[in-house]
Amino acid sequence: MTTDLIDQTLGNLACSVPGATRVFRQFRLDFCCGGDLPLREAAARIDVDPHIIAGALLALEPEESEKDWRAEPAGQLIEYILARFHERHRDQFPELIRLASRVEQVHGSRPECPNGLAEHLWHMQQELESHMLKEEQILFPMLQRGMRFPQAQGPISVMRYEHQEHGNALEQLAALTNDITPPANACNTWRALYRGLEEMRSDLMQHIHLENNVLFRNAEMTAPTASDEGVQRIEVAQS
């Protein structure tokens, strides 16, 4: 049974196995930007037996709140992404930047202090806001109108590239914060900051996963066939 799982991609498993993303986060597997990797290969990169991860997937008890979005209309998924992630990110970053600035101001002389974190979060906020505006103003309206490949190919390619940049920013965030692990004697502000960072990272990874592995993948899979294009040319000629 585990053999069936280890040959599937992380993105497919994240969509088809309720709770899989919790396991992937536990093992630090990138299921959003790295969703095209088979579990076998992803596990090899972190030097873990893929059957151990597959066993954890089989042992999962699904959460009631989880939903398989692959068969849902693009418009419904887009509305969910806007409400659940775009609005949430816009709420998260100002407070995270404020807390990071406070921690750096008070504890900047300590070797474990994440100096530079506030500036890094500010840059993440700017890049993410620009990215979300492009989706809201260009790509999402195209998909909501039923536009498919090749019309949406350019914007989707840009969004995928920027998702990879967001993933790189999360790696830098982990490096600055000891993988978002506060020191044993951290103050309440420091701990609140890291709890918020963990939540933001989880949200952003789920956000990217739903777009890369569901919304964009569905648009790619519904690309018009040669026969579809032939019908369109005939209809144009007749009109």
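What percentage of the 239 residues in the chain do buried residues make up? Buried residues, meaning those under 20% relative accessible area (exposed is over 50%, partly exposed in between, with a 1.4 Å probe and protein chains only), make up 42% of them. This is a predicted model, in which local features need pLDDT of at least 70 and side-chain atom pairs count only at pLDDT 80 or more, while totals for chains, interfaces and linings use all residues. Residues are numbered from 1 along each chain as its sequence is written, and side-chain values use heavy atoms, with hydrogens and water left out.

**Overall build**
- The chain holds 10 helices and zero strands, where helices (H or I, at least four residues) and strands (E, at least two) are DSSP runs numbered from the N terminus.

**Aromatic pairs**
- Four aromatic pairs are found in a search of the whole structure, a pair being rings of Phe, Tyr and Trp (its six-membered ring) with centres within 6.5 Å, and planes under 30 degrees apart counting as stacked, over 60 as edge-to-face and the rest as tilted.
- The ring centres of Y80 and F85 are 5.9 Å apart and their planes stand at 90°, so this pair is edge-to-face.
- W69 joins Y80 and F85 in one aromatic cluster.
- Y80 is partly exposed at a relative accessible area of 31%, whereas F85 is buried at 1%.

**Around A174**
- A174 lies in helix α8, residues 153-176, and counts as buried at 18% relative accessibility.
- Leaving aside neighbours within four places in sequence, A174 is in contact with D179, I180 and R201, contact meaning heavy atoms within 4.5 Å.
- A174 and R201 are 27 residues apart in sequence and 9.6 Å apart in space, C-alpha to C-alpha.
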